[in-house]
Amino acid sequence: MKNLIKISFLFATLAVVAGGVLSSCKPKGPAEVSMGDAASKVYVAPGKYDEFYNIVSGGFNGQIGVYGIPSGRLFRIIPVFSLSPESGYGFSEETKPMLNTSQGFVPWDDLHHIALSTTNGEHDGRWIFANGNNTPRVARVSFKSFRTEEILEIPNSGGNHSSPFITENTEYLVAGTRFSVPMGGKDVPISSYKENFKGSISFVKVDSISGEMNIAFQLRTPGFNYDLSRAGKGPSHGWFFFSCYNTEQAYTLLEVNASQKDKDFIMAVNWKKAEEYIRQGKGRIEKAKYAHNIYSEKTHMATSKIEDEVLVLDVTEFPDIVYFIPCPKSPHGCDVDPSGEYIVGSGKLAAMMPVFSFGKIQTAIANKDYEGDFNGIPVIKYEAALHGEVKKPGLGPLHTEFDEKGNAYTSFFVSSEIVKWNVKTLEILDRVPTYYSIGHLCVPGGPTSKPHGKYVIAYNKITKDRYLPTGPELTQSAQLYDISGDKMQLLLDFPTTGEPHYAEAIPAGLITPNSTKIYKIEENENPYAAKGESKTKVERKGNEVHVYMTAIRSHLTPDNIEGVRVGDDVYFHVTNLEQDWDVPHGFAVKGATNSEILIMPGETQTLKWKPTGTGVVPFYCTDFCSALHQEMSGYVRVSPAGSSTPLKFSTGKTEDQNSGAGK
Amino acid sequence: MKRLIYVPLLLLLACGQQQSANQEAGATLESTGGGQSTVQDETSEPDVVRVAVNSPLHTTLVAALKGAEYVDALSNAGPFTVFAPTNEAFDKLPAGTVENLLKPENKDALRNILEYHVYVGVIKEEYVQDGMTLNQVNLDNVTLNKKDGKITVNGAKVLGVVKASNGVVYVIDAVLLPPDKK
């Protein structure tokens, strides 16, 4: 026995020694990459706050995730283009209009890109903008309430990918079509692409006070695919840059047919010039149906309006609005550095990356240094616009963000890495692998004039073995790197919801002082609000029954309702009377075919319920609100259709002899 | 001495460079780290503790709640019905009673008395019925009476009723003393 112990001890010692000696010979795996003081750099102690909010698109879940950086903790999921049974968004009568479109109720979208509002090119902490890729839409989310306040449909678009990038002072956000399509729903052969298909770039004006969005004008552009874009800033303010692919104008097997040319285009748009033409009345009005949905914090209700026309400028008729710059092989990212002078084109199939100079582009235009035209639009000579090329940076460059020290960070999907390089010298400074297959990346303030070059976050497309497996469907992974030194250092993996497509990060100090705590009950203008228990009532209007209900710790008023009949449409208008931070109440009724509703303090929300059978049906508060949460419930009696059970409602009223408080 | 001067200078320099993005708009960097009573919130309606704290009539009660480490519990979601004796009510107790109860060794006795003033649940004025009993947090009962619209609890007069975010406060003119344990 003793021997056995000795032997195993010996083995253990040997193993430790061997481990120490041999570990340096092993290939560097993921476990070895993150090391040193990484843990302390991402540890945010209990009760401490993160330094940055990370506003992360949920991609195909149609939502936005709100995370803390550096901890990677998830704080909130904001439903935008998707239903949320958690809050009742898209299910409650008040929020259903948010998802209205010219096609009717569309309860899902593919939310790709985030743009945070800026003033003078810097984050101002007011709004989050996001695009719906599939049924073209843009959305505005409030940084006070972290709720979706507005959704605007984009007509004449085949898919709103190149969006919602914004100008320096949030004057405009853009919505460029990914797919060119025939305008006005024309029924034409697909093979008539070159003749009939057009691109459409919408400039959406953002009201500087309310944030309300309206389509100011649309540019009608040549038919190819508009991928991504960025506004100019500083010297290039007044311009917008869009990456374009499929200048081959292929309409089938784009995988092959849209990769024929050596170069596609970056499209430079002088939007101030376009504004001028619009002011001069040169835009033409075209009929187009699109929904404009606004949520009011006063009424706690959304309204949806169908608009019916847009103002259009055909760029072929106004030759000084748009210029093409040749860019190698299907450019994807098109990113402008903090100075506004350099525009990085990322040809996703190219082995180098061109960096264009805004100054040179202006000189080339002044000198008409063109190599020709495309459909009458001047094509600037590649060399005339070029600042220089980043040689052999990696495989499959996609997107570039910047720090405040003149460095750029580019994601490479094919070679799965982030490459740091100097914007002026174009010299490659460092590279780190990502696990696995990075798409977008984010430096806090990285697309603005004021980056905070402390971190870069990778949003990866492939997860495989990075976490405990959960069957075939895996979470998608974000990775946090410290970029404060010369070398990038991997600090943390954190899981995300949906597809973390693009994200921005903003200093927490710009957001936290303005965050809404409660809605004031006296300011509630919902027509169905019961602003006090004495205002509660039940009204019948034909087969509609309206219950004006209140919720406060720990009862619902009324909690006994009789006189509802099978086949009625019952509307529970629930007002949360609480005026206390973080005391929402929920409401659910058995058999409802929609969801619960979650009602914030001072707010009114409405759940529609159609009873299908007789009986007594319970309803209750779903949000654990208090020690008597389980008691917060009630009954609604459902009588047969056509019955004469009188309409009755009460709370705390006992009608038998043996019940009630004190009995 | 020279060294002493250099060190703080260096520290100052380092701090200047390390200014974090969080400080941009002078935002709070962290939670207060205490219980719910320490949460910074000027927006919400006051809870039962803040109702007492804001009342000049209740300084003794507040001191007792603090002594019994009871303020966080009563700042919680509740809901609570609190019977809040005024300073005068405490003054009616035999001399030295309050001072004695505030001694650390008497914390359990103090808690027992305070818990006899708290019911978990909101009993609004209109729900009070004559002869109604409430089982208090310390597990003893109080009896409410209602005569000609005037409410008493164990004979103590209700001087006023104040709604709070997490319940209701009945201001009373006597301290409620729990029955002796057998």
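These exercises, each with a worked solution, deal with a predicted model.

**Exercise 1. Domains of chain A**

Find the domains of chain A and say how many residues each gives to the contact between them.

*Solution.*
Step 1. Chain A splits into domain 1 (52-182 + 193-390) and domain 2 (528-650).
Step 2. Take the centres of domain 1 and domain 2 of chain A over C-alpha atoms: they are 43 Å apart.
Step 3. Turn to the contact. Domain 1 of chain A supplies nine residues and domain 2 of chain A supplies 12 residues.
Step 4. Sort the domain 1 side of chain A by residue class. Two residues are nonpolar, four are polar and three are charged.

**Exercise 2. Strand E1 of chain A**

Decide whether strand E1 (residues 52-57) of chain A is covered or open, and name its partner strands.

*Solution.*
Step 1. Count the buried residues: six of the six in E1 of chain A, so the strand is mostly covered by the cut-off of 20 or more other C-beta atoms within 10 Å.
Step 2. Check each face. In a regular strand the side chains alternate between the two faces of the sheet. On one side of E1(A) lie A:Phe52, A:Asn54 and A:Val56; on the other lie A:Tyr53, A:Ile55 and A:Ser57, and all are buried.
Step 3. Find one partner. E1(A) pairs antiparallel with strand E2 (residues 63-69) of chain A over six bridges. Here A:Tyr53 faces A:Gly68 of E2(A).
Step 4. Look at the link. E1(A) and E2(A) make a hairpin with five residues between them, and A:Gly59 in its turn has a positive phi of about 55°.
Step 5. Find another partner. Strand E35 (residues 503-507) of chain A joins E1(A) through five bridges, again in the antiparallel sense. A:Phe52 sits opposite A:Pro507 of E35(A).

**Exercise 3. A four-stranded sheet**

Trace the open sheet that contains E21 of chain A, and name the helix that packs on it.

*Solution.*
Step 1. Write the order. It is E21-E22-E23-E26 in chain A, with antiparallel pairing.
Step 2. Mark the edges. Strand E21 (331-336) and strand E26 (386-391) of chain A each pair on one side only. The twist from one strand to the next averages 20°.
Step 3. Test whether E21(A) is enclosed. Six of its six residues are buried, so the rest of the structure largely encloses this strand.
Step 4. Follow the pairing inward. E21(A) meets E22(A) over four antiparallel bridges, and A:Asp335 has A:Val344 as its bridge partner in E22(A). The two strands form a hairpin with five residues between them; A:Gly340 in the turn has a positive phi of about 85°.
Step 5. Go on to the next pair. Strand E22 (residues 342-347) and strand E23 (residues 352-357) of chain A share three bridges and run antiparallel. A:Ile343 lies opposite A:Phe356 of E23(A).
Step 6. Add the helix. H7 (residues 358-366) of chain A packs on the sheet, touches E22, E23 and E26 of chain A, and makes about 65° with the direction of E23(A).

**Exercise 4. Nonpolar cores**

Locate the largest nonpolar core and list the contacts of A:Ile325.

*Solution.*
Step 1. Size the core: the largest has 128 residues. Those with the most contacts inside it are A:Ile266, A:Ile325, A:Val456 and A:Ile457.
Step 2. Ask which element gives the largest share. It is strand E16 (residues 239-245) of chain A, with six residues.
Step 3. Take A:Ile325 and leave aside neighbours within four places in sequence. Its contacts are A:Phe265, A:Ile266, A:Ala268, A:Phe356, A:Ile361, A:Ile380 and A:Ala385.
Step 4. Look apart from this core. Another core has 40 residues, among them A:Ile521, A:Met549, A:Met600 and A:Trp609.

**Exercise 5. A loop residue**

Is A:Asp568 buried, exposed or partly exposed, and what is it in contact with?

*Solution.*
Step 1. Place A:Asp568: it is in the loop between strand E39 (560-565) and strand E40 (569-576) of chain A.
Step 2. Count neighbours. There are 19 C-beta neighbours inside 10 Å, so A:Asp568 counts as partly exposed.
Step 3. List contacts, again without neighbours within four places in sequence. They are A:Asn543, A:Val545 and A:Pro611.

**Exercise 6. Chain B**

Count the helices and strands of chain B, then describe helix H7 (residues 107-115) of that chain.

*Solution.*
Step 1. Chain B has seven helices and seven strands.
Step 2. Of its 182 residues, 29% count as buried.
Step 3. In H7(B) the buried residues are B:Leu110, B:Asn112, B:Ile113 and B:Leu114. They pack against helix H3 (59-67), helix H6 (97-101) and strand E2 (118-120) of chain B.

Key:
Residues numbered from 1 in each chain as written. Chains lettered and ligands numbered in written order. Predicted model: local features only at pLDDT ≥ 70, side-chain atom pairs only at ≥ 80, totals over all residues. Domains from an automatic or database assignment. Contact = placed C-beta atoms within 7 Å. Nonpolar A, V, L, I, M, F, W, Y, C, P; charged D, E, K, R; others polar. Pairing = 2+ DSSP bridges. Axes fitted to C-alpha atoms, helices over the stretch in contact; angles between N-to-C directions. Core = buried A, V, L, I, M, F, W, Y, C linked by C-beta atoms within 7 Å. Buried ≥ 20, exposed ≤ 12 C-beta atoms within 10 Å, placed from the backbone.
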